[in-house]
Amino acid sequence: MQVWEIRSGRDGWRLTEQDATEGLTFDDFTKAETRARWLAMRHEVKGWLAEIRILDADGGLLGAWRGERYTLAAPARFSQAA
């Protein structure tokens with residue numbers, strides 16, 4: 001399975017392949033997510049599994065996209081952030 005990770009950072013939102021050091025940086029989350037979903041759909045139409053993971057700045061999993069389904073990983077963390 002191909003996994004992409006979106007993580008916030010000091011210079012914007014970073015999109016990388018899982019465990020890679022090189023990647024793309026976007027100025028907002030929407031642009032990073034759009035690009036990640038485009039990459040994932042390219043894999044899916046070829047019959048390959050793909051997943052997009054949204055991580056916090058510390059690397060904790062917030063949620064994941066697989067196909068057209070989004071799964072929230074840690075709903076309690078959001079209530080504590082308010």
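Mentor: Before we start on this predicted model, one definition: contact means heavy atoms within 4.5 Å. With that in hand, helix 1 (residues 29–45) lies across strand 1, strand 2, strand 3, strand 4 and strand 5 (61–66). Helix 1 runs at about 175 degrees to strand 1.

Trainee: How do you know which way helix 1 runs relative to strand 1?

Mentor: Angles go from 0 to 180 degrees between N-to-C directions. The angle here is about 175 degrees, so the helix and strand 1 point in nearly opposite directions.

Trainee: What makes the span of helix 1 close to the expected one?

Mentor: The yardstick is 1.5 Å times one less than the number of residues. Helix 1 has 17 residues, for which 24 Å is expected, and its first and last C-alpha are 24 Å apart.

Trainee: Which residues of helix 1 are buried, and why do we say they line one face?

Mentor: The buried ones are Ala32, Glu33, Ala36, Leu39 and Ala40. Looking down the helix axis, they fall within an arc of 130 degrees, so they line one face. Those buried residues pack against strand 1, strand 2, strand 3, strand 4 and strand 5. On the face turned away from the buried side you find the exposed residues Thr30 and Val45.

Trainee: What makes Asp28 a cap for helix 1?

Mentor: A polar contact needs N or O atoms within 3.5 Å. A side-chain oxygen of Asp28 is 3.2 Å from the backbone nitrogen of Thr30, at the N-terminal end of the helix. The 3.2 Å value is inside that cut-off, so the pair qualifies. Just after helix 1, Gly47 has a positive phi of about 90 degrees.

Trainee: On to the sheet. Why is strand 3 called an edge strand?

Mentor: The order is 3-2-1-4-5-6 in an open sheet of six strands. Strand 3 (23–26) and strand 6 (69–72) each pair on one side only, and that makes them the edges. From one strand to the next, the twist averages 20 degrees.

Trainee: What makes strand 1 and strand 4 a pair?

Mentor: Two strands pair if there are at least two bridges between them. Strand 1 (residues 2–9) and strand 4 (residues 50–55) have six bridges, in the parallel sense. Six passes that threshold, so they count as paired. One of the residue matches is Trp4 with Ile52 in strand 4.

Trainee: How do you know that the pairing in the sheet is mixed?

Mentor: Set the neighbours of strand 1 side by side. Strand 4 pairs with strand 1 in the parallel sense, whereas strand 2 (residues 12–17) pairs with strand 1 in the antiparallel sense, over six bridges. A hairpin of two residues joins strand 1 to strand 2, and Arg7 stands opposite Arg14 there. Strand 2 and strand 3 are antiparallel too, over four bridges, with Arg14 matched to Thr25 in strand 3.

Trainee: Why is Glu51 classed as buried or exposed?

Mentor: Buried means under 20% relative accessible area. Glu51, in strand 4, is at 10%, so it counts as buried. Beyond its neighbours within four places in sequence, Glu51 is in contact with residues including Met1, Val3, Trp4 and Trp65.

Trainee: And what class does Ala73 get, and why?

Mentor: Exposed needs over 50%, and buried needs under 20%. Ala73 is at 41%, so it counts as partly exposed. Ala73 lies in the loop between strand 6 and helix 2 (75–81). Outside its neighbours within four places in sequence, Ala73 is in contact with Leu61, Leu62 and Gly63.

Definitions and conventions: Residues are numbered from 1 along each chain as its sequence is written. This is a predicted model: local features need pLDDT of at least 70, side-chain atom pairs count only at pLDDT 80 or more; totals for chains, interfaces and linings use all residues. Side-chain values use heavy atoms; hydrogens and water are left out. Buried means under 20% relative accessible area, exposed over 50%, partly exposed in between (1.4 Å probe, protein chains only). The arc is that of the directions from the helix axis to the C-beta atoms. A polar contact is a pair of N or O atoms within 3.5 Å; within protein, one must be able to donate a hydrogen and the other to accept it, and residues adjacent in sequence count only if both atoms are side-chain atoms.
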